[in-house]
Structure formats: structure tokens, C-alpha cells
Amino acid sequence: MVYVKTFKGYEDKIAELDAVVNGWMKENAHRIKAVRDVKASLSHESGSRAGTGDLLYTVIYESSEPVP
């Protein structure tokens, strides 16, 4: 079966988000049959106080069941 997992971070903290996604994949390597794709999306809120946008990674993967 094919599933989707989404991770959210900030555009100015890419390394932190990469570490979270890589950690999730490493911890669940025995449950994930294959990663089909990874999509990245960036959103900006105009006039935001942080001056940064959200960074979303969407991992499309194959597994026998969803991996939390």
C-alpha cells in the first residue's frame, strides 16, 4: 500500500527538518518497503512576525501499514 507522511518545519531551519525526516526513516526502515517520492513545499505568510515561512516535506512511501 502507498501512504503519505508530512513533516513541518521552518525555511530557515532546514537542517533540523532534515534530521527529523531522516530519523523517522532510519527508525522505521524495517517497516518502510520503499520511498516513492519526497516533495518539498514552502509557504509564506505575508507580514509574519518571524519573517520566515513554513517548510513542508511530504514523503510518499510503501508499507504494509501507515507508519506514525
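**Chat about a three-stranded sheet**

Visitor: What order do the strands of the open sheet have?
Guide: The order is β1-β3-β2, with antiparallel pairing, in an open sheet of three strands. Strands here are DSSP E runs of at least two residues, helices are H or I runs of at least four, and both are numbered from the N terminus. Two strands pair if DSSP finds at least two bridges between them.

Visitor: Which strands stand at the edges?
Guide: β1 (2–10) and β2 (32–43); each has a single partner strand, so one side of each lacks a neighbour in the sheet. From one strand to the next, the twist averages 20°.

Visitor: Is this predicted or not, and what numbering applies?
Guide: It's a predicted model: local features need pLDDT of at least 70, side-chain atom pairs count only at pLDDT 80 or more, and totals for chains, interfaces and linings use all residues. Residues are numbered from 1 along each chain as its sequence is written, and side-chain values use heavy atoms, with hydrogens and water left out.

Visitor: Back to β1, how many bridges join it to β3?
Guide: Nine, with β3 covering residues 54–63. Y3 stands opposite Y61 in β3.

Visitor: And what does helix α1 touch?
Guide: α1 (residues 14–27) packs on the sheet and touches β1, β2 and β3, where contact means heavy atoms within 4.5 Å. Its direction makes about 15° with that of β3; axes are lines fitted to C-alpha atoms, for helices over the stretch in contact, and angles run from 0 to 180 degrees between N-to-C directions.

Visitor: New topic: how much of the chain is buried?
Guide: 24% of the 68 residues, buried being under 20% relative accessible area with a 1.4 Å probe, protein chains only.

Note on methods: Buried < 20%, exposed > 50% of the residue type's maximum accessible area, 1.4 Å probe, protein only.
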